[in-house]
Amino acid sequence: MNGEKTDFSTKKQVTIGVIDGDGIGPVITAQATRVLEKLLAEEIAAGSIVIKQIEGLTIENRMACGKAIPDDVLAEIKTCDVLLKGPTTTPMGGKMESANVAMRRELDLYANCRPVSIPEKNIDWMFFRENTEGEYVLGSRGVELPGMAVDFKVTTDLGTRRIARAAFDYAKNNGKTHVAVVTKANIMKKTDGKFTAICHEVAADYPGITVDDYYIDIMTANLLKEPLREQFQVVLLPNLYGDIITDEAAQIQGGVGTAGSANVGDRYAMFEAIHGSAPRMIERGMGDYANPASIIKAAAMLLRHICRADAAARLEKAMAECKVEVKSDGTAATAAQYADAVMALL
């Protein structure tokens with residue numbers, strides 16, 4: 001685990017790596033890159049920002065190499081400070097690990113941060129999902145025996161403590177007063193029980209913030225329950241539960257195509273759309289109509305992370321004002337036309 005922290009407020013040159021991904025990934029990532037290039041044009045010209053295309057993280061190359069991230073691709077990734085990444089495809093079955101899971105491990109991106117905001121419904125949620133442990137750390141290395149199969153779940157003191165501190169620090173620094181810890185500790189007594197106990201230990205260092213426990217099943221219901229859901233502010237979860245519930249929250253906001261995601265560590269950070277690579281859209285010849293809103297929102301999160309808050313605010317404002325619709329059935333604008341409309345509002 002890498003303890004070296006990057007201070008972007010003083011860093012003289014920031015390298016943004018762009019990874020296209022699979023399926024609709026190249027379509028939507030190209031539009032987010034155009035937006036970044038427009039917002040950062042002066043800094044790119046001056047050399048204080050470098051946008052670098054990372055090749056080779058495709059399903060074809062990964063399958064050919066037999067690795068979730070080929071070695072040469074990983075070496076290129078590590079030359080960057082932050083990444084803007086399109087969705088990648090993970091084959092079902094077999095032993096090929098998810099590229100995302102491998103990336104989080106290799107770069108120690110322990111905090112997955114996903115905001116959901118619906119002002120007209122008084123919803124302003126930030127989810128902190130532990131990103132390197134749980135069911136995913138050994139999920140591709142389970143044991144299959146005659147008549148049964150066993151997968152593994154891992155919860156460590158260090159991993160839990162740092163994601164909890166990230167969530168409580170965010171709450172403290174952003175005027176939030178409540179953190180909800182979501183587990184299934186009544187059933188998963190060792191792993192989820194440890195997660196809950198450590199979160200409460202960390203909470204003791206933040207006297208102005210209340211903390212409550214919820215089980216994952218009732219929390220999925222509570223996010224749909226009005227007006228109860230308005231009380232939630234910061235939600236802290238282990239890996240698998242966070243994966244599931246953040247998709248539900250994004251759907252409440254308007255769909256997984258409307259939400260961006262940050263995967264943050266001390267040294268590196270990766271920003272991405274929260275949806276998949278949608279291979280069926282490519283098969284139907286509808287790739288140009290993929291919605292780039294999710295990855296453009298991720299680009300705004302990237303800008304805030306590298307201390308370009310003004311540029312991030314301009315982008316968020318333009319997206320809020322943009323009235324152009326993108327529909328996967330091809331009855332509305334293309335991804336490029338949406339990006340054109342956003343850029344016209346910058």
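V82 sits in strand β3, which spans residues 82-85. The model is predicted. V82 is buried, with a relative accessible area of 0%. Leaving aside neighbours within four places in sequence, its contacts include F8, T15, I16 and G17. V82 also meets A269 and F271. L302, H305 and I306 complete the list of its contacts. The contact with H305 spans a long stretch of chain: V82 and H305 are 223 residues apart in sequence. In space, their C-alpha atoms are 8.9 Å apart.

**Helix α12 and its partners**

Helix α12 runs over residues 309-321 and has 13 residues. From first C-alpha to last, α12 reaches 18 Å, close to the 18 Å expected at 1.5 Å a residue. Which residues of α12 are buried? They are A311, A312, L315, A318 and M319. These residues cover an arc of only 130° around the axis, so they lie on the same side of α12. D310, K317 and A320 are exposed, on the other side of the helix.

What do the buried residues of α12 pack against? Their partners are α1 (25-39), α11 (293-305) and α13 (335-345). Seen from α13, the buried residues are A335, Y338, A339, A341, V342 and M343. These pack against α1, α11 and α12. Thus α12 and α13 each appear in the packing of the other.

Helix α1 contributes Q31. Is Q31 buried or exposed? Q31 is buried, because its relative accessible area is 9% and the cut-off for buried is under 20%. Q31 touches P292, A335, A336 and A339, not counting residues up to four places away in sequence. Of these, A335 and A339 are also among the buried residues of α13.

**R104 and the cavities**

R104 belongs to helix α5, residues 99-106. R104 is buried too, with a relative accessible area of 4%. Residues up to four places away in sequence aside, R104 touches L109, N112, R129, N131, T132, N263 and E272. Charged residues are among these contacts, including R129 and E272.

How many cavities of 30 Å³ or more does a search of the whole structure find? The search finds two. The table sets them side by side.

| Cavity | Volume | Nonpolar lining | Polar lining | Charged lining |
|---|---|---|---|---|
| Largest | about 70 Å³ | three residues | three residues | four residues |
| Second largest | about 50 Å³ | three residues | four residues | three residues |

R104 helps to line the largest cavity. V101 and R105 line it as well. Helix α5 gives the most to this lining, with three residues. E97, N131, T132, E133, Y136, V137 and N239 make up the remainder of the lining. N131 and T132 therefore have two roles, because they line the largest cavity and also touch the buried R104.

The second largest cavity is lined by E130, E133, G134, K153, V154, T155, T160, F195, P238 and N239. E133 and N239 appear in this lining and also in that of the largest cavity.

How values were computed:
Residues numbered from 1 in each chain as written. Predicted model: local features only at pLDDT ≥ 70, side-chain atom pairs only at ≥ 80, totals over all residues. Heavy atoms only, no water. Helix = DSSP H or I, 4+ residues; strand = E, 2+ residues; numbered from the N terminus. Expected span 1.5 Å × (residues − 1). Buried < 20%, exposed > 50% of the residue type's maximum accessible area, 1.4 Å probe, protein only. Arc of directions from axis to C-beta. Contact = heavy atoms within 4.5 Å. 1 Å grid on protein atoms, 1.4 Å probe; cavity = no way out; pocket = protein on both sides within 12 Å on 5 of 7 lines; lining within 4 Å. Points joined across faces, edges and corners; volume = space filled by probe spheres on them.
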